[in-house]
Amino acid sequence: LRRVVRDFDPASLSGDQARQITELMGQVERVADSAIARFSPRVTESGSYAKVGAASAPDWLASATGTSAGVAKSRLAAAERATRTPRLAEALRGGQLSSAELSTVAKTVAADPGSLEELLALTGPGQSMGELSERAQRITRAARAKEHERARRARVHQHRHLRWRQDPDGGIRGEFSCDDVEWAKVSGRLDVEAKARWKAAGAAAGEPLEAHRLDAFLDLLGRSGGSGGTESPERPERTETGARPHFLILLDVAAIARGQASKDELCEIDGVGPISLEAATELLGEASLQFLIRDGTDIRSVTSTTRNVRQRTEMALIARDRTCAVPHCPKRRGLQIDHCDVDYRDDGPTEISNLVRICAEHHDQKTHGGWKLTGSPGQRQRIAPPHPPSAQQINRTRKVAAARGKANRIRD
């Protein structure tokens with residue numbers, strides 16, 4: 001492996017050859033992660049790490065794998081859980097689990113032991129870590145439904161934190177954890193501010209939306225005036241662009257009737273994630289939130305409803321396409337509405353049966369790369385063109401199309 005890394009010049013390879021080597025190395029990485037998970041508990045048990053001067057097993061593993069002690073500690077905890085679960089240990093022997101997949105599966109199985117086979121089916125090459133994480137989150141939420149909401153909120157509150165550190169490459173890197181209900185009260189304003197900034201400058205400059213989300217976050221903190229989390233009276237309800245910040249909470253009728261959502265039912269904040277029914281009820285008084293009640297695949301009601309057919313269609317799409325409609329794409333934020341079976345340029349109807357929500361990248365592949373998306377919701381399939389273009393080719397085609405569109409508008 002070292003010889004391959006050392007002797008092969010990437011510039012001498014075709015894009016397909018480089019992709020195949022990378023995919024092969026991905027399989028090697030899974031095998032290596034599985035091997036580390038199998039053997040590292042024995043090192044911990046025997047105390048062998050002390051023979052090389054390591055202060056603890058996490059310190060030794062961090063040094064051996066080039067990670068932080070915190071990451072190594074999590075890997076060891078997941079590996080030890082796996083040794084107590086025969087089916088999970090068997091998956092490790094097959095070399096099919098990455099470190100991230102093992103950690104997610106092990107934590108979820110600790111909450112719901114019966115979910116193991118379902119989760120293992122979402123692991124391995126070609127699977128989406130985003131799908132696995134989302135399913136694990138839903139399973140954990142359902143397993144904890146028996147936990148009293150106040151106890152859950154107290155547990156989350158007890159572990160709340162905001163951490164930052166100086167990045168070796170410059171700047172500050174941070175993370176935080178807080179109650180999802182409290183976050184929902186402020187995230188709507190943050191999202192609107194970020195999108196307004198991105199539309200005004202980021203899209204043209206090629207900067208990502210998350211860059212402007214940070215700018216908006218820092219600006220909103222500066223405007224708060226140190227109010228300790230309460231809203232400043234000088235802060236306007238609407239942003240400078242006139243848009244009103246809001247988030248959408250999706251609920252299933254069955255969950256409302258039962259008093260809690262199962263792992264297959266919706267009770268979540270769009271763009272944030274699943275919440276409890278009690279938490280959703282607590283947010284009823286928030287003016288920046290809108291509720292969508294779903295009965296099966298149909299919309300039962302929408303708060304602050306309107307006769308605007310376009311809005312009703314968009315709400316129905318949000319309820320139906322929770323993630324990008326392209327199979328195995330877990331993206332939720334920034335989804336775009338696109339025609340599916342019959343393209344708009346071919347006079348395709350703008351109705352829900354011919355519309356999907358897809359991410360910007362897959363939208364570009366479909367519009368400028370020749371890819372097609374067919375099938376019904378839940379059974380979508382992607383059809384590749386005879387000669388799939390590279391990302392650079394798609395980007396060039398998109399820029400040419402944008403330039404032509406601009407020229408046509410000027411001429412008109």
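A residue is called buried here when its relative accessible area is under 20%, and exposed when that value is over 50%. With this in mind, helix α5, which spans residues 86-93, is a good place to start in this predicted model. Its buried residues are L88, A89, A91 and L92. These residues lie on the same side of α5, because the arc they cover around the axis is only 155°. P86 and R93, by contrast, are exposed on the other side of α5. The cover over the buried residues of α5 includes α2 (15-46), α4 (69-83), α6 (99-111) and α7. After α5 comes G95, with a positive phi near 65°.

The setting of this helix is a protein of 412 residues, 34% of which count as buried. The protein contains 16 helices and eleven strands. Among its contacts with a separation of 6 or more, 52% are between residues 24 or more positions apart.

L88 of α5 leads on to the largest nonpolar core, which has 19 residues. Within this core, the residues that touch the most other members are L88, L97, L102, V105 and L119. At least two residues of the core come from each of α4, α5, α6, α7 and α8. The helix that gives the most is α6, with four residues. L97 has a broad set of partners: beyond its neighbours within four places in sequence, L97 contacts R30, D33, S34, L88, A91, L92, L102, L120 and T123. Another core lies apart from this one; it holds 15 residues, including I249, A261, I269 and I293.

T123, one of the partners of L97, sits in the loop between α7 (116-120) and α8 (129-143). Is T123 buried or exposed? With a relative accessibility of 9%, T123 falls under the 20% limit and therefore counts as buried. A polar atom of the T123 side chain is 2.7 Å from the backbone oxygen of L120. Setting aside residues up to four places away in sequence, T123 touches Q96, L97, E101, V105 and L132. Two of these names, L97 and V105, have already appeared among the core residues that touch the most other members.

The loop between α7 and α8 also holds S128. S128 has a relative accessible area of 9% and is buried. Its side chain places a polar atom 3.2 Å from the backbone nitrogen of E131. Once neighbours within four places in sequence are left out, S128 contacts L122, H328 and P330.

Aromatic side chains complete the picture. How many aromatic pairs does a search of the whole structure find? The search finds one. This pair is formed by F176 and W183, whose ring centres are 5.2 Å apart; the planes meet at 50°, so the pair is tilted. At 45% relative accessibility, F176 is partly exposed. W183 is also partly exposed, at 23% relative accessibility. The value for W183 is not under 20%, which is why W183 does not count as buried. A further aromatic residue, W371, has R382 over its face, at 4.1 Å from the ring centre.

Methods: Residues numbered from 1 in each chain as written. Predicted model: local features only at pLDDT ≥ 70, side-chain atom pairs only at ≥ 80, totals over all residues. Heavy atoms only, no water. Buried < 20%, exposed > 50% of the residue type's maximum accessible area, 1.4 Å probe, protein only. Polar contact = N/O pair within 3.5 Å; in protein donor to acceptor, adjacent residues only side chain to side chain. Contact = heavy atoms within 4.5 Å. Phe/Tyr/Trp six-rings, centres within 6.5 Å; stacked < 30°, edge-to-face > 60°. Lys NZ or Arg CZ within 6 Å of the ring centre and 35° of its normal. Arc of directions from axis to C-beta. Core = buried A, V, L, I, M, F, W, Y, C linked by side-chain atoms within 4.5 Å.
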